[in-house]
Amino acid sequence: MLPAMLLASCSEEGASPVGADLDEMLGKQEAVAQGRMSARAKRDNPYSVTNMRKAYASLYSTRADYQEGEAEEMVPVTDYYVRFLPKDKEDFTTLDEMGVVLVDTPLDSEPAGEGDQGQDQEIMEGRINWQYAVVPSDFGFPDGIQYEVLEECCIPDDQEEGGNLGADGTGRRCLDWPVLERRAFECSGNTDLLEPVSRAKVNPAGRITITDNGLNRKTVGVAGVKVVANVFVKVSTTFTDASGNYSFPAKFSAKPNYRLCFKNSKGFSIGLNAILVPASLSDLGKGSPDGITLNVDGNSDATLYRRCAVNNAAYEYYDRCQKEGITLPPKNLRFWIINSLTPSSALMMHHGSLLDQGLAANYLGMIKIAVQVFCPDITIGSKGSNYDYPALYADTVHEMAHASHFIKVGTEYWNKFTTYIISSYLITGDCYGTGNGENAGYCEIAEMWAYYIENAFKNARYGSSNQRGFDKWFKPQIFKDLEAGGMTKYEISEALKTTTTSIDALKSELLVISPSNKTLINNTFKRYSK
(Lines give C-alpha, C1' and ligand atoms only; values in the text may rest on other atoms or scores of the structure.)
Protein backbone atom coordinates (compact mmCIF):
# COMPACT_ATOMS: atom_id res chain seq x y z
CA MET A 1 0.00 0.00 0.00
CA LEU A 2 2.87 2.39 0.67
CA PRO A 3 4.07 2.65 -2.93
CA ALA A 4 0.49 2.75 -4.11
CA MET A 5 -0.35 5.70 -1.91
CA LEU A 6 2.94 7.57 -2.01
CA LEU A 7 3.56 7.20 -5.74
CA ALA A 8 0.07 6.96 -7.10
CA SER A 9 0.27 9.21 -10.10
CA CYS A 10 2.44 7.44 -12.62
CA SER A 11 5.46 5.27 -13.22
CA GLU A 12 7.21 5.81 -16.51
CA GLU A 13 8.41 2.24 -16.41
CA GLY A 14 4.77 1.22 -16.18
CA ALA A 15 5.50 -1.59 -13.74
CA SER A 16 6.13 -1.58 -10.02
CA PRO A 17 6.47 1.98 -8.74
CA VAL A 18 9.10 0.93 -6.20
CA GLY A 19 12.79 1.09 -6.99
CA ALA A 20 13.85 -0.05 -3.53
CA ASP A 21 12.39 -2.00 -0.68
CA LEU A 22 10.37 -0.35 2.07
CA ASP A 23 13.13 -0.45 4.69
CA GLU A 24 15.56 1.17 2.30
CA MET A 25 13.11 3.89 1.40
CA LEU A 26 12.22 4.81 4.97
CA GLY A 27 15.77 4.39 6.19
CA LYS A 28 17.64 6.63 3.80
CA GLN A 29 15.19 9.53 3.91
CA GLU A 30 16.77 11.16 0.88
CA ALA A 31 13.54 13.05 0.37
CA VAL A 32 14.06 15.07 3.49
CA ALA A 33 17.77 15.59 4.03
CA GLN A 34 20.97 16.26 2.18
CA GLY A 35 23.06 15.13 5.08
CA ARG A 36 23.54 15.39 8.80
CA MET A 37 25.21 18.20 10.64
CA SER A 38 27.47 17.31 13.54
CA ALA A 39 27.66 19.27 16.79
CA ARG A 40 27.65 23.04 16.46
CA ALA A 41 29.71 25.39 18.62
CA LYS A 42 27.85 28.42 19.92
CA ARG A 43 29.60 31.78 19.63
CA ASP A 44 28.93 35.10 21.30
CA ASN A 45 26.78 37.21 18.96
CA PRO A 46 28.59 40.48 18.16
CA TYR A 47 25.33 42.12 17.09
CA SER A 48 23.64 41.73 20.47
CA VAL A 49 22.92 45.14 22.00
CA THR A 50 25.10 44.09 24.93
CA ASN A 51 28.15 43.62 22.72
CA MET A 52 27.40 46.60 20.47
CA ARG A 53 27.03 48.88 23.50
CA LYS A 54 30.18 47.41 25.04
CA ALA A 55 31.95 48.22 21.78
CA TYR A 56 30.58 51.76 21.85
CA ALA A 57 31.80 52.28 25.40
CA SER A 58 35.27 50.95 24.58
CA LEU A 59 35.55 53.36 21.66
CA TYR A 60 34.07 56.53 23.11
CA SER A 61 34.00 56.37 26.92
CA THR A 62 37.26 58.30 27.16
CA ARG A 63 35.63 61.39 25.61
CA ALA A 64 35.33 64.29 28.00
CA ASP A 65 31.66 64.72 27.23
CA TYR A 66 30.80 61.02 27.54
CA GLN A 67 27.63 60.60 29.61
CA GLU A 68 26.13 57.70 31.48
CA GLY A 69 23.44 56.00 29.38
CA GLU A 70 24.87 57.37 26.15
CA ALA A 71 25.58 53.88 24.77
CA GLU A 72 21.94 52.87 25.25
CA GLU A 73 20.82 55.99 23.38
CA MET A 74 23.32 55.71 20.56
CA VAL A 75 23.03 51.94 20.09
CA PRO A 76 19.30 51.16 19.96
CA VAL A 77 17.55 47.82 19.62
CA THR A 78 16.89 47.48 15.88
CA ASP A 79 16.03 43.79 15.67
CA TYR A 80 15.14 40.72 17.68
CA TYR A 81 16.87 37.38 17.28
CA VAL A 82 14.00 34.95 17.80
CA ARG A 83 12.94 31.39 17.32
CA PHE A 84 9.50 30.19 16.26
CA LEU A 85 7.84 26.83 16.77
CA PRO A 86 5.27 26.51 13.97
CA LYS A 87 2.75 23.76 14.55
CA ASP A 88 1.44 23.31 11.00
CA LYS A 89 1.70 24.51 7.42
CA GLU A 90 -0.62 27.44 8.16
CA ASP A 91 1.90 28.78 10.68
CA PHE A 92 4.71 28.46 8.15
CA THR A 93 2.59 30.22 5.54
CA THR A 94 1.74 33.06 7.94
CA LEU A 95 5.39 33.68 8.78
CA ASP A 96 6.42 33.45 5.14
CA GLU A 97 3.79 35.97 4.08
CA MET A 98 5.05 38.32 6.81
CA GLY A 99 8.49 38.21 5.21
CA VAL A 100 10.16 36.19 7.95
CA VAL A 101 13.25 34.31 6.74
CA LEU A 102 13.37 31.08 8.72
CA VAL A 103 16.69 29.31 9.23
CA ASP A 104 16.67 25.85 10.70
CA THR A 105 19.75 26.09 12.95
CA PRO A 106 20.85 28.71 15.48
CA LEU A 107 22.37 31.75 13.82
CA ASP A 108 24.92 32.24 16.60
CA SER A 109 26.62 28.88 16.10
CA GLU A 110 29.31 27.58 13.82
CA PRO A 111 28.64 24.49 11.69
CA ALA A 112 31.06 21.64 12.30
CA GLY A 113 30.55 20.32 8.79
CA GLU A 114 28.64 20.92 5.59
CA GLY A 115 25.23 19.60 4.65
CA ASP A 116 21.70 20.00 5.92
CA GLN A 117 21.04 20.45 9.57
CA GLY A 118 19.87 17.81 12.02
CA GLN A 119 16.95 17.57 14.42
CA ASP A 120 16.93 19.97 17.36
CA GLN A 121 17.34 17.77 20.39
CA GLU A 122 15.10 20.01 22.50
CA ILE A 123 12.05 18.95 20.52
CA MET A 124 10.34 15.60 20.87
CA GLU A 125 10.74 13.22 17.96
CA GLY A 126 7.91 13.62 15.48
CA ARG A 127 7.39 17.35 16.02
CA ILE A 128 8.46 20.34 14.02
CA ASN A 129 11.47 21.91 15.68
CA TRP A 130 12.47 25.49 16.33
CA GLN A 131 13.00 27.81 13.38
CA TYR A 132 15.38 30.75 13.86
CA ALA A 133 14.88 34.22 12.45
CA VAL A 134 15.66 37.90 12.81
CA VAL A 135 12.74 40.32 12.87
CA PRO A 136 12.63 44.14 13.23
CA SER A 137 12.04 45.57 16.68
CA ASP A 138 8.56 46.76 15.66
CA PHE A 139 7.55 43.31 14.37
CA GLY A 140 4.00 42.30 15.24
CA PHE A 141 4.21 38.70 16.41
CA PRO A 142 1.21 36.77 15.08
CA ASP A 143 -1.22 35.27 17.56
CA GLY A 144 -1.12 31.52 18.04
CA ILE A 145 2.46 30.89 16.90
CA GLN A 146 4.84 30.04 19.71
CA TYR A 147 7.99 32.15 19.76
CA GLU A 148 10.84 33.14 22.03
CA VAL A 149 12.99 36.26 21.87
CA LEU A 150 16.55 35.00 22.24
CA GLU A 151 18.41 38.30 22.06
CA GLU A 152 17.94 42.00 21.45
CA CYS A 153 20.20 43.11 18.61
CA CYS A 154 21.54 46.21 16.94
CA ILE A 155 22.28 45.48 13.28
CA PRO A 156 23.78 48.50 11.48
CA ASP A 157 22.16 49.65 8.28
CA ASP A 158 24.69 49.29 5.47
CA GLN A 159 23.63 52.71 4.17
CA GLU A 160 24.74 54.32 7.44
CA GLU A 161 28.47 54.32 6.81
CA GLY A 162 28.88 57.39 9.00
CA GLY A 163 32.17 58.94 10.05
CA ASN A 164 33.87 59.85 13.28
CA LEU A 165 31.53 60.41 16.17
CA GLY A 166 30.26 63.93 15.89
CA ALA A 167 27.26 65.95 14.79
CA ASP A 168 25.34 65.41 11.54
CA GLY A 169 24.25 69.03 11.23
CA THR A 170 21.09 68.58 13.25
CA GLY A 171 22.80 68.38 16.60
CA ARG A 172 22.38 64.59 16.61
CA ARG A 173 25.46 62.50 17.15
CA CYS A 174 26.43 60.15 14.32
CA LEU A 175 28.52 57.00 14.53
CA ASP A 176 31.15 55.36 12.43
CA TRP A 177 29.13 52.19 12.20
CA PRO A 178 31.73 50.06 10.36
CA VAL A 179 34.26 50.80 13.11
CA LEU A 180 31.69 50.05 15.81
CA GLU A 181 30.74 46.80 14.11
CA ARG A 182 34.36 45.64 13.97
CA ARG A 183 34.91 46.54 17.62
CA ALA A 184 31.82 44.50 18.55
CA PHE A 185 33.40 41.47 16.87
CA GLU A 186 36.53 42.06 18.92
CA CYS A 187 34.62 42.54 22.18
CA SER A 188 32.68 39.33 21.61
CA GLY A 189 35.76 37.22 20.87
CA ASN A 190 35.13 36.95 17.12
CA THR A 191 38.20 38.79 15.82
CA ASP A 192 39.25 35.68 13.90
CA LEU A 193 36.17 36.02 11.68
CA LEU A 194 36.86 39.58 10.53
CA GLU A 195 38.18 40.44 7.11
CA PRO A 196 41.15 42.85 6.88
CA VAL A 197 40.15 46.42 7.66
CA SER A 198 41.69 47.51 4.34
CA ARG A 199 39.09 45.54 2.40
CA ALA A 200 36.22 47.74 1.27
CA LYS A 201 32.78 46.38 2.09
CA VAL A 202 30.79 45.46 -1.01
CA ASN A 203 27.51 43.73 -1.75
CA PRO A 204 28.28 40.03 -2.23
CA ALA A 205 27.63 38.94 -5.80
CA GLY A 206 28.40 35.92 -7.92
CA ARG A 207 26.92 33.20 -10.08
CA ILE A 208 25.55 29.73 -9.38
CA THR A 209 25.72 27.34 -12.35
CA ILE A 210 25.29 23.66 -13.15
CA THR A 211 26.82 21.47 -15.84
CA ASP A 212 24.19 19.95 -18.15
CA ASN A 213 25.74 16.71 -19.40
CA GLY A 214 23.09 16.54 -22.12
CA LEU A 215 24.33 19.74 -23.76
CA ASN A 216 27.95 18.66 -24.26
CA ARG A 217 28.65 19.55 -20.63
CA LYS A 218 27.49 23.13 -21.17
CA THR A 219 27.34 25.24 -18.03
CA VAL A 220 23.97 26.88 -17.42
CA GLY A 221 22.74 29.13 -14.63
CA VAL A 222 20.80 27.78 -11.67
CA ALA A 223 17.77 29.95 -12.29
CA GLY A 224 15.52 31.69 -9.78
CA VAL A 225 16.90 29.93 -6.72
CA LYS A 226 16.97 31.71 -3.37
CA VAL A 227 20.42 32.45 -1.94
CA VAL A 228 20.85 33.16 1.77
CA ALA A 229 23.91 34.68 3.42
CA ASN A 230 24.43 35.37 7.10
CA VAL A 231 27.05 36.43 9.58
CA PHE A 232 25.48 35.61 12.92
CA VAL A 233 22.11 37.40 12.99
CA LYS A 234 22.89 39.63 10.04
CA VAL A 235 20.93 37.81 7.33
CA SER A 236 20.42 38.75 3.71
CA THR A 237 18.56 36.97 0.91
CA THR A 238 18.27 37.32 -2.84
CA PHE A 239 17.33 35.27 -5.90
CA THR A 240 19.45 34.31 -8.87
CA ASP A 241 18.34 35.54 -12.27
CA ALA A 242 17.73 33.29 -15.28
CA SER A 243 21.49 33.03 -15.83
CA GLY A 244 22.30 32.20 -12.20
CA ASN A 245 23.65 35.66 -11.29
CA TYR A 246 22.87 37.13 -7.87
CA SER A 247 23.70 40.18 -5.77
CA PHE A 248 22.86 40.72 -2.10
CA PRO A 249 21.49 43.99 -0.75
CA ALA A 250 23.62 43.68 2.43
CA LYS A 251 27.36 44.09 3.03
CA PHE A 252 29.43 42.02 5.45
CA SER A 253 32.57 42.62 7.50
CA ALA A 254 33.21 38.89 7.96
CA LYS A 255 32.91 35.82 5.79
CA PRO A 256 29.21 34.94 5.45
CA ASN A 257 27.81 31.45 5.48
CA TYR A 258 26.09 30.86 2.14
CA ARG A 259 23.11 28.58 1.53
CA LEU A 260 20.89 27.75 -1.39
CA CYS A 261 17.25 27.66 -0.38
CA PHE A 262 15.23 25.79 -2.99
CA LYS A 263 12.29 28.13 -2.95
CA ASN A 264 12.17 29.50 -6.47
CA SER A 265 11.22 32.98 -7.64
CA LYS A 266 8.62 31.27 -9.88
CA GLY A 267 6.75 30.20 -6.75
CA PHE A 268 7.62 26.50 -6.37
CA SER A 269 9.75 24.85 -3.69
CA ILE A 270 11.81 21.68 -3.66
CA GLY A 271 12.07 19.26 -0.78
CA LEU A 272 12.22 19.73 2.92
CA ASN A 273 14.87 19.22 5.51
CA ALA A 274 14.69 16.75 8.36
CA ILE A 275 13.39 19.57 10.54
CA LEU A 276 10.58 20.23 8.11
CA VAL A 277 11.27 23.57 6.50
CA PRO A 278 9.15 23.32 3.33
CA ALA A 279 12.11 24.08 1.05
CA SER A 280 15.44 22.29 1.22
CA LEU A 281 18.58 24.15 2.24
CA SER A 282 21.96 23.21 0.82
CA ASP A 283 24.78 24.66 2.89
CA LEU A 284 27.61 25.97 0.71
CA GLY A 285 29.84 26.88 3.65
CA LYS A 286 31.66 30.12 4.36
CA GLY A 287 32.82 32.31 1.51
CA SER A 288 34.24 35.69 0.72
CA PRO A 289 32.20 38.78 1.66
CA ASP A 290 32.55 39.65 -2.03
CA GLY A 291 30.35 36.65 -2.87
CA ILE A 292 30.92 33.15 -4.17
CA THR A 293 30.76 31.67 -7.63
CA LEU A 294 29.92 27.98 -7.77
CA ASN A 295 29.48 25.43 -10.53
CA VAL A 296 27.61 22.25 -9.64
CA ASP A 297 28.84 19.28 -11.66
CA GLY A 298 29.58 15.57 -11.52
CA ASN A 299 32.09 16.12 -8.73
CA SER A 300 29.60 18.01 -6.53
CA ASP A 301 27.32 16.61 -3.87
CA ALA A 302 24.74 14.40 -5.62
CA THR A 303 21.82 15.82 -3.68
CA LEU A 304 22.81 19.37 -4.56
CA TYR A 305 23.09 18.38 -8.23
CA ARG A 306 19.63 16.78 -8.23
CA ARG A 307 18.04 19.80 -6.60
CA CYS A 308 19.65 22.24 -9.04
CA ALA A 309 18.68 20.14 -12.08
CA VAL A 310 15.06 19.78 -10.97
CA ASN A 311 14.98 23.48 -10.10
CA ASN A 312 16.11 24.42 -13.59
CA ALA A 313 13.72 22.04 -15.33
CA ALA A 314 10.78 23.46 -13.40
CA TYR A 315 11.90 27.06 -14.02
CA GLU A 316 12.21 26.37 -17.75
CA TYR A 317 8.81 24.64 -17.76
CA TYR A 318 7.16 27.84 -16.55
CA ASP A 319 8.87 29.86 -19.26
CA ARG A 320 7.92 27.39 -22.01
CA CYS A 321 4.31 27.26 -20.83
CA GLN A 322 4.03 31.03 -21.02
CA LYS A 323 5.53 30.98 -24.50
CA GLU A 324 3.24 28.16 -25.72
CA GLY A 325 0.08 29.39 -23.99
CA ILE A 326 -0.17 26.30 -21.76
CA THR A 327 -1.89 26.69 -18.38
CA LEU A 328 0.66 27.08 -15.60
CA PRO A 329 0.69 24.66 -12.64
CA PRO A 330 -0.97 25.82 -9.42
CA LYS A 331 0.88 28.30 -7.24
CA ASN A 332 3.11 27.10 -4.39
CA LEU A 333 3.92 23.80 -6.07
CA ARG A 334 5.89 21.45 -3.81
CA PHE A 335 8.46 18.91 -4.97
CA TRP A 336 10.09 16.04 -3.12
CA ILE A 337 13.15 14.35 -4.63
CA ILE A 338 13.41 10.73 -3.49
CA ASN A 339 16.68 9.08 -4.45
CA SER A 340 15.71 5.62 -3.18
CA LEU A 341 12.86 5.38 -5.71
CA THR A 342 12.89 5.18 -9.50
CA PRO A 343 9.55 6.55 -10.74
CA SER A 344 8.13 10.01 -10.35
CA SER A 345 4.59 11.16 -9.64
CA ALA A 346 2.20 14.10 -9.51
CA LEU A 347 0.33 13.46 -6.28
CA MET A 348 -0.97 17.03 -5.94
CA MET A 349 -1.50 16.36 -2.22
CA HIS A 350 -0.59 19.91 -1.20
CA HIS A 351 -3.46 21.07 -3.40
CA GLY A 352 -6.00 18.66 -1.94
CA SER A 353 -5.73 15.56 -4.08
CA LEU A 354 -5.03 11.86 -3.46
CA LEU A 355 -6.21 9.58 -0.69
CA ASP A 356 -7.09 10.39 2.88
CA GLN A 357 -3.87 11.90 4.16
CA GLY A 358 -4.27 10.45 7.65
CA LEU A 359 -4.51 6.94 6.22
CA ALA A 360 -1.51 7.48 3.97
CA ALA A 361 0.51 8.91 6.83
CA ASN A 362 0.11 5.68 8.82
CA TYR A 363 2.34 3.99 6.30
CA LEU A 364 5.01 6.64 6.12
CA GLY A 365 6.94 5.94 9.31
CA MET A 366 9.56 8.56 10.06
CA ILE A 367 8.23 11.06 7.52
CA LYS A 368 4.63 10.87 8.73
CA ILE A 369 4.69 14.41 10.12
CA ALA A 370 6.29 15.63 6.90
CA VAL A 371 3.45 14.22 4.84
CA GLN A 372 0.82 15.59 7.20
CA VAL A 373 2.32 19.09 7.27
CA PHE A 374 4.05 19.44 3.92
CA CYS A 375 2.12 17.23 1.52
CA PRO A 376 4.03 17.05 -1.75
CA ASP A 377 2.52 17.81 -5.13
CA ILE A 378 5.26 16.21 -7.20
CA THR A 379 7.78 13.53 -6.32
CA ILE A 380 10.83 12.97 -8.48
CA GLY A 381 12.24 9.45 -8.20
CA SER A 382 15.92 9.98 -8.93
CA LYS A 383 17.39 6.52 -8.35
CA GLY A 384 19.71 5.87 -11.28
CA SER A 385 19.56 9.50 -12.39
CA ASN A 386 22.29 11.03 -10.25
CA TYR A 387 24.18 13.61 -12.31
CA ASP A 388 21.92 12.79 -15.29
CA TYR A 389 20.53 16.22 -16.13
CA PRO A 390 18.45 15.11 -19.18
CA ALA A 391 16.75 12.33 -17.18
CA LEU A 392 15.92 14.64 -14.28
CA TYR A 393 14.74 17.26 -16.77
CA ALA A 394 12.40 14.83 -18.54
CA ASP A 395 10.89 13.49 -15.31
CA THR A 396 10.31 16.98 -13.94
CA VAL A 397 8.65 18.22 -17.13
CA HIS A 398 6.45 15.10 -17.29
CA GLU A 399 5.14 15.66 -13.77
CA MET A 400 4.68 19.39 -14.25
CA ALA A 401 2.61 18.65 -17.34
CA HIS A 402 0.40 16.61 -15.01
CA ALA A 403 0.25 19.61 -12.65
CA SER A 404 -0.92 21.86 -15.52
CA HIS A 405 -3.58 19.27 -16.33
CA PHE A 406 -4.62 19.06 -12.67
CA ILE A 407 -5.33 22.77 -12.37
CA LYS A 408 -7.67 22.55 -15.37
CA VAL A 409 -9.66 19.54 -14.16
CA GLY A 410 -9.57 19.65 -10.35
CA THR A 411 -9.29 17.15 -7.51
CA GLU A 412 -12.30 14.94 -8.32
CA TYR A 413 -10.90 14.18 -11.76
CA TRP A 414 -7.42 13.65 -10.31
CA ASN A 415 -8.63 11.30 -7.61
CA LYS A 416 -10.21 9.06 -10.25
CA PHE A 417 -6.99 9.11 -12.20
CA THR A 418 -4.90 8.11 -9.18
CA THR A 419 -7.47 5.52 -8.12
CA TYR A 420 -7.03 3.83 -11.48
CA ILE A 421 -3.23 3.85 -11.04
CA ILE A 422 -3.50 2.29 -7.57
CA SER A 423 -6.01 -0.35 -8.66
CA SER A 424 -3.93 -1.28 -11.70
CA TYR A 425 -0.81 -1.69 -9.62
CA LEU A 426 -2.52 -3.83 -6.99
CA ILE A 427 -4.23 -6.04 -9.56
CA THR A 428 -1.69 -6.31 -12.36
CA GLY A 429 1.59 -5.05 -10.92
CA ASP A 430 1.61 -2.39 -13.64
CA CYS A 431 0.68 1.19 -12.78
CA TYR A 432 -0.85 1.80 -16.19
CA GLY A 433 -2.69 -1.51 -16.33
CA THR A 434 -4.19 -2.72 -19.58
CA GLY A 435 -6.46 0.23 -20.27
CA ASN A 436 -9.63 -1.77 -19.59
CA GLY A 437 -10.31 -0.99 -15.92
CA GLU A 438 -12.70 1.51 -14.43
CA ASN A 439 -11.50 5.10 -14.93
CA ALA A 440 -8.94 3.98 -17.53
CA GLY A 441 -9.92 6.95 -19.68
CA TYR A 442 -8.66 9.35 -17.01
CA CYS A 443 -5.26 7.67 -17.12
CA GLU A 444 -5.28 7.63 -20.92
CA ILE A 445 -5.82 11.37 -21.28
CA ALA A 446 -3.46 12.32 -18.43
CA GLU A 447 -0.57 10.19 -19.63
CA MET A 448 -1.00 11.07 -23.30
CA TRP A 449 -0.63 14.72 -22.36
CA ALA A 450 2.29 14.26 -19.95
CA TYR A 451 4.37 12.12 -22.31
CA TYR A 452 3.62 14.46 -25.21
CA ILE A 453 4.83 17.53 -23.32
CA GLU A 454 7.82 15.69 -21.87
CA ASN A 455 8.97 14.64 -25.33
CA ALA A 456 8.26 18.00 -26.94
CA PHE A 457 10.09 20.07 -24.33
CA LYS A 458 13.03 17.68 -24.06
CA ASN A 459 13.43 17.50 -27.82
CA ALA A 460 13.34 21.29 -28.04
CA ARG A 461 16.04 21.61 -25.38
CA TYR A 462 18.37 18.90 -26.62
CA GLY A 463 17.60 18.75 -30.34
CA SER A 464 16.66 15.09 -29.97
CA SER A 465 13.76 12.92 -31.15
CA ASN A 466 12.61 11.48 -27.85
CA GLN A 467 9.54 9.19 -28.12
CA ARG A 468 8.96 7.95 -24.60
CA GLY A 469 5.51 6.52 -24.02
CA PHE A 470 4.90 5.66 -27.66
CA ASP A 471 4.87 1.95 -26.79
CA LYS A 472 2.07 2.28 -24.20
CA TRP A 473 -1.58 1.39 -24.73
CA PHE A 474 -2.40 5.10 -24.67
CA LYS A 475 -1.01 7.07 -27.60
CA PRO A 476 0.81 10.36 -26.90
CA GLN A 477 1.85 10.33 -30.55
CA ILE A 478 -1.68 11.49 -31.38
CA PHE A 479 -0.81 14.89 -29.94
CA LYS A 480 2.57 14.87 -31.66
CA ASP A 481 0.96 14.23 -35.05
CA LEU A 482 -1.69 16.88 -34.46
CA GLU A 483 0.99 19.45 -33.74
CA ALA A 484 2.98 18.35 -36.77
CA GLY A 485 -0.19 18.89 -38.82
CA GLY A 486 -0.57 22.48 -37.69
CA MET A 487 -2.35 22.50 -34.32
CA THR A 488 -0.72 24.33 -31.43
CA LYS A 489 0.03 23.10 -27.94
CA TYR A 490 -2.43 25.71 -26.68
CA GLU A 491 -5.26 24.28 -28.80
CA ILE A 492 -4.45 20.75 -27.66
CA SER A 493 -4.31 21.79 -24.00
CA GLU A 494 -7.71 23.49 -24.29
CA ALA A 495 -9.24 20.05 -24.88
CA LEU A 496 -8.20 18.94 -21.37
CA LYS A 497 -11.50 19.56 -19.61
CA THR A 498 -13.29 17.91 -16.73
CA THR A 499 -15.49 16.10 -19.25
CA THR A 500 -12.52 14.80 -21.26
CA THR A 501 -12.44 11.36 -19.68
CA SER A 502 -12.03 9.13 -22.74
CA ILE A 503 -10.36 9.13 -26.13
CA ASP A 504 -13.70 9.73 -27.83
CA ALA A 505 -14.41 12.72 -25.59
CA LEU A 506 -10.95 14.07 -26.39
CA LYS A 507 -11.59 13.84 -30.12
CA SER A 508 -14.94 15.60 -29.76
CA GLU A 509 -13.38 18.45 -27.77
CA LEU A 510 -10.62 18.92 -30.34
CA LEU A 511 -13.17 19.10 -33.18
CA VAL A 512 -15.04 21.83 -31.31
CA ILE A 513 -11.86 23.78 -30.52
CA SER A 514 -10.36 23.57 -34.00
CA PRO A 515 -13.04 22.80 -36.63
CA SER A 516 -10.69 23.93 -39.40
CA ASN A 517 -8.52 20.91 -38.58
CA LYS A 518 -11.38 18.41 -38.83
CA THR A 519 -9.68 16.27 -41.47
CA LEU A 520 -6.39 16.25 -39.57
CA ILE A 521 -8.10 15.26 -36.33
CA ASN A 522 -10.24 12.50 -37.86
CA ASN A 523 -7.35 10.97 -39.78
CA THR A 524 -5.00 11.10 -36.80
CA PHE A 525 -7.43 9.40 -34.42
CA LYS A 526 -8.29 6.81 -37.06
CA ARG A 527 -4.61 6.00 -37.51
CA TYR A 528 -4.25 5.10 -33.84
CA SER A 529 -7.67 3.57 -33.20
CA LYS A 530 -7.70 0.26 -31.34
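## Starting with strands

Two strands pair if DSSP finds at least two bridges between them. Strands (E, at least two residues) and helices (H or I, at least four) are DSSP runs, numbered from the N terminus.

A word on the model comes next. This is a predicted model, in which local features need pLDDT of at least 70 and side-chain atom pairs count only at pLDDT 80 or more, while totals for chains, interfaces and linings use all residues. Residues are numbered from 1 along each chain as its sequence is written, and side-chain values use heavy atoms, with hydrogens and water left out.

## Strand β10 and its partners

A good place to begin is strand β10, which covers residues 226-231. Of its 6 residues, 6 are buried, where buried means under 20% relative accessible area, exposed means over 50%, and partly exposed is in between (1.4 Å probe, protein chains only). In a regular strand the side chains alternate between the two faces of the sheet. Here, K226, V228 and N230 point one way from β10, V227, A229 and V231 point the other way, and all are buried.

Which strands join β10? One partner is β11 (residues 234-239), which runs antiparallel to β10 and is joined to it by 6 bridges. Within β11, S236 stands opposite A229. The hairpin of β10 and β11 has 2 residues between the strands, and F232 takes a positive phi near 55 degrees there. Another partner is β13 (residues 257-261), also antiparallel to β10, with 5 bridges between them. In β13, R259 is the bridge partner of V228.

## Aromatic rings

Searching the whole structure gives 26 aromatic pairs. Rings of Phe, Tyr and Trp (its six-membered ring) pair if their centres lie within 6.5 Å; planes under 30 degrees apart count as stacked, over 60 as edge-to-face and the rest as tilted. One of these pairs is F84 with F141, tilted, at 6.1 Å centre to centre and with 45 degrees between the planes. F84 belongs to strand β2 (residues 79-85) and F141 to the loop between β4 (131-136) and β5 (146-153), so this pair ties together parts that are 57 residues apart in sequence. Both rings belong to buried residues, F84 and F141. The two also take part in one aromatic cluster with F139 and Y147.

Another tilted pair is W449 and Y452, with 5.9 Å centre to centre and 55 degrees between the planes. Both lie in helix α11 (residues 440-462), 3 residues apart, about one turn of the helix. W449 counts as buried because its relative accessibility is 1%, and Y452 is buried too, at 3%.

## Charges over rings

A charge sits over a ring if NZ of Lys or CZ of Arg is within 6 Å of the ring centre and within 35 degrees of the ring normal. R83 lies over the face of W130, 4.0 Å from the ring centre. The charged end of K234 sits over the ring of F252, at 5.5 Å from its centre.

## Salt bridges

Side chains of opposite charge can pair when their charged atoms come close. The structure holds 21 salt bridges, each a side-chain nitrogen of Lys or Arg within 4 Å of a carboxyl oxygen of Asp or Glu. K234 appears again here: this lysine forms a salt bridge with E181, the closest N and O atoms being 3.8 Å apart. E181 lies in helix α6 (residues 177-187) and K234 in strand β11, so the pair ties together parts that are 53 residues apart in sequence. Are these two residues buried or exposed? E181 is buried at 1% relative accessibility, and K234 is buried at 3%.

R527 and D481 form a salt bridge as well, with their closest N and O atoms 3.0 Å apart. This pair links distant parts of the chain, with R527 in helix α15 (residues 518-527) and D481 in helix α12 (residues 477-484), 46 residues apart. R527 is partly exposed, at 48%, whereas D481 counts as buried at 19%. Elsewhere, R63 and E70 meet in a salt bridge (3.0 Å, N to O), and E70 is buried at 5% relative accessibility. A network of salt bridges links D212, E316, R320 and R461.

## Cysteines

How many disulfides does the structure hold? There are 0, a disulfide being a pair of cysteine sulfur atoms within 2.5 Å. For C154, the nearest cysteine sulfur is that of C153, 8.8 Å away. C154 is buried, with a relative accessible area of 1%, and C443 is buried at 0%.
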